[in-house]
Amino acid sequence: MVQKYQSPVRVYKYSFELVMEAYERRFPTCDMIPVFVGSDILEDTESDDGSQHVVERRCKLNIEAPYLLKKIAGVDLVYFIQKNTLDRKNRSLKIEAFNESFDTRLVVHEVCNYFVHPENASWTCFDQSASLEVKSFFGFEGVVEKIAVKQYSANIAKGKEIIEYFIEELKNEGITSLPVWTPKEITQSQGKVEGGNEATVERDAEDSKANISDEASSSQTIVTARRPSKTLEDLKLGASASSLKSQHSNLSRQLSGDKSAGSSVVGGGQPGIPAIRCDSFSEDDDKYRLDADYIQRYLGDLSPLEGNNDNAISN
């Protein structure tokens with residue numbers, strides 16, 4: 001005969017994500033559940049987008065049963081397989097559990113569900129159902145059924161207390177709310193956009209550096225192109241200076257013919273104009289001699305005031 005049990009719907013006035021965080025804290029062991037000795041993870045898988053998370057555990061239970069029954073069964077611990085399917089997208093958790101021990105003599109199947117309250121998305125609902133079928137258990141079928149019913153009722157009362165306890169623990173740690181799950185694709189696409197913006201900025205910076213380099217190269221080319229013209233001008237100036245020096249040498253030779261007069265006078269001996277003695281210049285003073293001859297040849301006789309102004313301008 002199959003015994004079925006259904007618990008009333010329980011409401012937690014907390015978000016689904018916060019309740020799930022509190023629920024996970026009971027693993028691998030929980031001091032508040034004395035019969036729950038421990039658990040081992042057999043399988044842990046998650047979908048590519050992270051919306052589905054499936055965990056399968058092997059749980060060890062120390063069932064409160066008469067010593068004689070345990071002695072006859074030959075076991076101290078009972079093993080159950082629990083499979084949790086978390087749907088983050090739809091905000092629901094389905095828990096399925098069945099017995100591994102004595103599976104040929106009795107069948108225990110339990111289903112629990114956590115889901116969002118239909119009228120308040122900030123609340124979480126919980127329901128629990130179970131079925132028990134005792135095929136044969138060494139003549140203790142009735143005893144086994146009573147133990148199963150007692151254990152099931154205790155778990156229903158204890159479950160709410162455990163969730164409330166761990167929620168208070170989260171609050172003490174400063175965790176009062178958790179974000180609702182969002183697809184990984186959105187997060188990755190945002191990362192790609194940010195990465196693309198960074199790449200664009202880097203490309204713009206490289207282009208700017210390239211433009212600056214091109215402008216610098218162009219400026220250098222222009223300067224290099226202009227240099228020959230300067231060189232030509234320098235050559236022309238040098239040629240003019242050479243011709244002037246040549247003219248000065250000719251003038252000096254002409255003036256040297258008049259040394260019989262005692263000295264060479266530039267200025268024509270006009271009254272009021274100081275005479276410039278050519279023999280006062282040495283061979284190392286070509287610069288000054290060239291200036292004097294140039295002024296005399298191209299500007300004519302100058303008064304002392306004009307001479308001083310021209311010297312000031314030339315200096």
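These are my notes on a predicted model, mostly on helix H3 and a surface patch that involves Phe138.

**Overall look.** I started with the whole protein and counted 6 helices and 10 strands. Of its 315 residues, 27% come out as buried. I then checked contacts between residues at least 6 apart in sequence, and 57% of them join residues at least 24 apart. The accessible surface is about 20700 Å², with 53% of that belonging to carbon and sulfur atoms.

**Helix H3.** Next I went to H3, which covers 141-172. I get 32 residues and 46 Å from the first C-alpha to the last, close to the 46 Å expected at 1.5 Å a residue. I also find a kink of about 30°, centred on Lys158. Just past the helix I noted Gly174, which has a positive phi near 90°.

**What H3 buries.** I listed the buried residues of H3; among them are Val144, Ile147, Gln151, Tyr152, Ile156 and Gly159. Further along, the list includes Ile162, Ile163, Phe166, Ile167 and Leu170. A reminder to myself: an α-helix has 3.6 residues a turn, so residues three or four places apart point the same way. Then I looked for what covers these buried residues, and the cover includes strands E1, E2, E7 and E8. Helices H1 (16-24) and H2 (67-73) are also part of it.

**The patch.** Last, I looked at a nonpolar surface patch of about 260 Å², made by Leu68, Ile72 and Phe138. I place Phe138 in the loop between strand E8 (124-134) and H3. Is Phe138 buried, exposed or partly exposed? I put it down as partly exposed because its relative accessibility is 37%.

Notes: Residues numbered from 1 in each chain as written. Predicted model: local features only at pLDDT ≥ 70, side-chain atom pairs only at ≥ 80, totals over all residues. Heavy atoms only, no water. Patch = residues over 30% accessible without salt bridge, like charges linked within 9 Å, V, L, I, M, F, W, Y side chains within 5 Å. Areas by Shrake-Rupley, 256 points an atom, 1.4 Å probe, with all protein chains shown as cover. Salt bridge = Lys/Arg side-chain N within 4 Å of Asp/Glu carboxyl O. Helix = DSSP H or I, 4+ residues; strand = E, 2+ residues; numbered from the N terminus. Buried < 20%, exposed > 50% of the residue type's maximum accessible area, 1.4 Å probe, protein only. Contact = heavy atoms within 4.5 Å. Expected span 1.5 Å × (residues − 1). Bend = angle between axes of the 7 residues up to and from the residue.
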